[in-house]
Amino acid sequence: MSKLFRAVIMGPPGSGKGTISERIAHSFGLKHISSGDFVRENISANTEAGVLAKTYIKKGLLVPDHVMTRLLLPRLEEMTKYSWLLDGFPRTLAQADALNSICDLDVVINLNIPLETLKERLRHRWTHPSSGRVYNMYFNPPRIQGLDDITGEQLIQQEDDRPEALVARLRHYKDIAKPVIDLYKAKSILYTFSDTETDRIWPNISTLLSTKIPIGQSDARCASTH
Ligand SMILES: Nc1nc2c(ncn2[C@@H]2O[C@H](COP(=O)(O)OP(=O)(O)OP(=O)(O)O)[C@@H](O)[C@H]2O)c(=O)[nH]1
Ligand SMILES: Nc1ncnc2c1ncn2[C@H]1C[C@H](O)[C@@H](COP(=O)(O)OP(=O)(O)O)O1
């Protein structure tokens, strides 16, 4: 069997991780695992870890590393037969070390987007809370204003996406992501993409992955998990 492909996508809130992950999953047939979606699924299903995670998220905090790894690692271990792309995990060095103990990553995509662009995007981001699907009033608007394309349910603007909240989130992201980025740089698997537009970044990511993903792995049938 040819070698499976393991990738991580990193970037500050609003950098386009979710948007680009969907494109990668669709074009290259990788399983897309979003830590945020997975946490929300566990909260809805009332699993032990989900109940615990909810107590932190309600306070606007990140879920502690040991809870996060207890949630995510078994999920990844179920996926040993698939190539996957992980979005939203690892967020801390402890999470990166835990991930390192169960697999070798091939590529880490690091999105470097200017602060002004992030603020502007998140100001116009609308979210479907139960699925985590996101829209932008200009970039990818829903078919009917204010409603989710798939379920027709109401979209909301998250408190976290207000510009004032974003500056604090971004500062926090930078502090915790720096050692993770340094680790992947030292391993020579970090690929950084800097631009203000996803559509300009995407061709470069697509070219990179075309050279890295073994032939026969691009199977659109095993695309995104949601
Ligand atoms: N104007 C514009 N909006 C974009 C672009 N790329 C993504 N967006 C929108 O920007 C917002 C953020 O994109 P996401 O894919 O949710 O970013 P993320 O990195 O997953 O964000 P978090 O979930 O907060 O970590 C969404 O509303 C997207 O629709 C772009 O190139 N231009
Ligand atoms: N790797 C991780 N470490 C800690 N908490 C995490 C995490 N991934 C997700 N979470 C938790 C905290 C987030 O506020 C929540 C939703 O995740 P998300 O949708 O990726 O985040 P955000 O709301 O920052 O865009 O789940």
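In this predicted model, helices H2 and H4 pack at an angle of about 105 degrees. Their axes lie 11 Å apart. An angle of 65 to 115 degrees counts as roughly perpendicular, and H2 and H4 are therefore roughly perpendicular to each other. On the H2 side, the contact is made by Ser35, Phe38, Val39 and Asn42. H4 contributes Met68, Leu71, Leu72 and Arg75. By class, this contact of H2 with H4 has five nonpolar residues, two polar residues and one charged residue.

H2 also meets helix H3. H2 spans residues 35–44, and H3 spans residues 48–57. The axes of H2 and H3 come within 8 Å and cross at roughly 115 degrees. That angle makes H2 roughly perpendicular to H3. The crossing of H2 past H3 is left-handed. From H2, the residues in contact are Val39, Asn42 and Ile43. From H3, they are Gly50, Ala53, Lys54 and Ile57. The contact of H2 with H3 divides into four nonpolar, two polar and one charged residues. Val39 and Asn42 of H2 thus appear in the contact with H3 and in the contact with H4.

Helix H4 also holds Thr69. Buried residues have under 20% relative accessible area. Thr69 has 17% relative accessibility, so Thr69 counts as buried. Leaving aside residues up to four places away in sequence, Thr69 touches Pro74, Phe89, Gln95 and Ala98.

The largest nonpolar core contains 31 residues. Within this core, Met10, Trp84, Leu86, Leu99, Leu105 and Tyr184 touch the most other members. Several elements give two or more residues to the core. The strands among them are S1 (6–10) and S3 (84–87). The helices are H2, H3, H4 (65–77), H5 (93–100) and H7 (163–186). H4 supplies the largest share of this core, with six residues.

Met10 has contacts with residues far along the chain numbering, including Tyr173, Ala177, Val180, Ile181 and Tyr184. Met10 also touches Lys17, Val108, Ile109, Asn110 and Leu111. Residues up to four places away in sequence are not counted here. A second, separate core has 23 residues. Its members include Ala7, Ile109, Ile113 and Leu118. Ile109 is thus a member of the second core and is touched by Met10, a residue of the largest core.

Methods. Residues are numbered from 1 along each chain as its sequence is written. Chains are lettered from A and ligands numbered from 1 in the order in which they are written. This is a predicted model: local features need pLDDT of at least 70, side-chain atom pairs count only at pLDDT 80 or more; totals for chains, interfaces and linings use all residues. Side-chain values use heavy atoms; hydrogens and water are left out. Axes are lines fitted to C-alpha atoms, for helices over the stretch in contact, and angles run from 0 to 180 degrees between N-to-C directions. Helices (H or I, at least four residues) and strands (E, at least two) are DSSP runs, numbered from the N terminus. Angles under 35 degrees count as roughly parallel, over 145 as roughly antiparallel, 65 to 115 as roughly perpendicular and the rest as oblique. A crossing is left-handed if the near helix is turned anticlockwise from the far one by less than a right angle, and right-handed if clockwise. Contact means heavy atoms within 4.5 Å. Ala, Val, Leu, Ile, Met, Phe, Trp, Tyr, Cys and Pro count as nonpolar, Asp, Glu, Lys and Arg as charged, and the others, Gly among them, as polar. A nonpolar core is a set of buried Ala, Val, Leu, Ile, Met, Phe, Trp, Tyr and Cys residues joined through side-chain atoms within 4.5 Å. Buried means under 20% relative accessible area, exposed over 50%, partly exposed in between (1.4 Å probe, protein chains only).
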